[in-house]
2 protein chains.
Amino acid sequence: MSEQPTLKSVAAAAGVSTAAVSYAFNRPDRLSTRVREHILAVARELGYPGPDAAARSLRTRRAGAIGVIFTVGLSYAFSDPYVLAMLSGLTEVTERTRTGLVLIPFDLTTTGLGEDEVRHSLDAVHRAVIDGAVADGLPDDHPAVLALAARKIPLVRSSETASGRCVVIDDREAGREIGRHLAALGHRDVAMVVAYPEPPGVAVPVVDEAALYPYSRLRLAGVREGLGPHARVRVVSAGRNAQESGRVAAASALGGPDVPSAVAADSDVLAAGVLDAVRLRGLEPGRDVSVTGFDDVPAAEPAGLTTIRQPIRDRGRLMGRMLLDPGFTARRVVLPAELVVRSSTGPAPR
Amino acid sequence: MSEQPTLKSVAAAAGVSTAAVSYAFNRPDRLSTRVREHILAVARELGYPGPDAAARSLRTRRAGAIGVIFTVGLSYAFSDPYVLAMLSGLTEVTERTRTGLVLIPFDLTTTGLGEDEVRHSLDAVHRAVIDGAVADGLPDDHPAVLALAARKIPLVRSSETASGRCVVIDDREAGREIGRHLAALGHRDVAMVVAYPEPPGVAVPVVDEAALYPYSRLRLAGVREGLGPHARVRVVSAGRNAQESGRVAAASALGGPDVPSAVAADSDVLAAGVLDAVRLRGLEPGRDVSVTGFDDVPAAEPAGLTTIRQPIRDRGRLMGRMLLDPGFTARRVVLPAELVVRSSTGPAPR
DNA sequence: ACACTCGTGTTAATCGATTAACACGAGGGA
DNA sequence: TCCCTCGTGTTAATCGATTAACACGAGTGT
């Protein structure tokens, strides 16, 4: 009753070799039913819960779990509808294969740190016992991505990568669609609200575009191209991908001397904040100021938000299959994305 | 460049013992800076990503991760606002301690199976490399709970347990409050809509109450007590905790010969469906039929739902601290819950 | 000069399993 | 009878680390 029983102690108690006990649990057909059942009976009697998870992972080099890692803090992630849809798709396939899903936290601010500090802040990335990982939104050179790569852990990403596998949409073309849509409505002065990794703060800077998320850069570039060379595009951000950031960023853009006629947000979550800001100034979205989003999360439709629809759940599902389904060998899947026009966009005023 | 480097190969390449390499990564102060840096340099050169996670977990008997297990399928869980709030609180503390969070899937239907089938369907529970686990809503005798207990994994539950730790609310007293509130409004015929583990279906049975979730039983008992001995209470369910189930169950209750004057739901999610059903019949909640929920999720307020408020995030936080914070030794924490009256309840008609 | 601590590195046991290779007896075909 | 196959169980190497105990040389106080 003292120590936790092990394979060895069960073997001893049952009068067989450890191999036999192992087979009893993992390869029923290798043993005669008589012996096998005797072993299981003894195991049950001793309260042996089956082979130890860590030991098994070490020996077989398989964990039965995959990791997930986001650009946002975990405690925030659960309020991001994009993340939720993605996770829901992903868990559909992990559930089917009885695979665990390890949510890996890491310090979001791992720039300008020494080797030790980075190691430390990536603790969970190093300790995660996983067979593969899904990294959504992380840039190629993100410490967590590098760490997983060093561990030779199969990685599926959500943005184009040189090597490695990914499930993407054509963010740039989607951006172009937004741009063309706005241009066709006569908008020549557009503010683009983007999420920014570093300061989850309140300030509203114009942005160092190299530091943006990969998808942001592409969408931004696309919007510019779609609007054409004669439009003015300013880029603002108030931190992470949250409604509040969208509100703050848009409030600043709309509060300046010459207000843009349209605000294009990097995501629907940001766009929701933009809509708030527009209304707070007594303006009406789609008439006084046009607003666009990205993703088409569930809340977009009731909000009347013009946006880019992408199949988020499918993305999750596919990322999961890439890791878990051996028959699924594609290195790169491109998902369709389409413009959905609603009431938040309209002809430019004047 | 062929094989993944190990502690051993790094030691060999650096001309030191494996112990030294281990210390270099785990106990910097055990080594002189010279040697340590030499080791790290060699490690980097070989592309050694640091000590292997599985091996380390085996040797140290610590995983740096905790598990979570729900009464609902994972892919559904991400649309349940209660679950999201709980997870958000939980991840607040796991993030702070750089602890991974393992979402453990399991077959929801593990009744009436042989030892082998149960083992198989609990695969992920057995394979999870974790130091502790949070089980929200699961009954004492749930196979997953038993499996975790057999593994001697510290468990924190959300319902009262004989032994073991838990973070609870007084579900029964909360139920009483609902009952008293309805009784005071003159309601003597109440339908209680509850979530039911087994059939995630469309049928609307009267229920075998022993099979209900522990919290459902308590809430139900409380409602009965609060209503007093002269009220009629019927119990209906249409499967899992989802808006759709609430709608179906309520539609059936309201479609019968003598309709109840109030419908008390087991959760706000169900209550949302009840509200749908009420409106679908052309009735007005709070006037024609009173409706109550449980939990006070974010959507409850805009819906005008009378409900029991409980601090869900706090629950997540506390469950996390129970597992992760050594200074937190309480075996049992009771969280406050209070009735929040909104427009969905009113005097009984006639 | 002696006995000490202290800092630094090594030796070697150990965590709990998996599985290739082998051994051995029974049955089967020629 | 001999040889082979097949089914069933065992032997023993291995997965990749951690850490208590020890060894050794350099300071240090008296």
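**Note on the two chains and a sheet of chain B**

1. A turn of 180° with a shift of 0.0 Å along the axis lays chain A on chain B with an RMSD of 0.0 Å. The two copies are thus related as by a two-fold rotation axis. The reader should bear in mind that this is a predicted model.

2. Which residue of chain A comes closest to the rotation axis? That residue is A:Val102, whose C-alpha lies at 2.1 Å from the axis.

3. The interface deserves a separate remark. Of the interface residues of chain A, 100% are also interface residues in chain B, so the copies meet through the same surface.

4. Chain B contains an open sheet of four strands in the order 7-6-8-9, with parallel pairing. Strand 7 (232-236) and strand 9 (290-292) of chain B stand at the edges; each has a single partner strand, so one side of each is left without a neighbour in the sheet. From one strand to the next, the twist averages 20°. As background, strands of a sheet pair through backbone hydrogen bonds, and the pairing may be either parallel or antiparallel.

5. How many bridges join strand 6 of chain B to strand 8 of chain B? Four bridges join strand 6 (residues 189-193) to strand 8 (residues 262-265), and these two strands of chain B run parallel. In strand 8 of chain B, B:Ala264 is the bridge partner of B:Met192.

6. A helix also belongs in this description. Helix 11 (residues 214-227) of chain B lies across strand 6 and strand 7 of chain B. Helix 11 of chain B runs at about 160° to strand 7 of chain B.

Conventions
Residues numbered from 1 in each chain as written. Chains lettered and ligands numbered in written order. Predicted model: local features only at pLDDT ≥ 70, side-chain atom pairs only at ≥ 80, totals over all residues. Heavy atoms only, no water. Least-squares fit on C-alpha atoms with pLDDT ≥ 70 in both. Contact = heavy atoms within 4.5 Å. Pairing = 2+ DSSP bridges. Axes fitted to C-alpha atoms, helices over the stretch in contact; angles between N-to-C directions.
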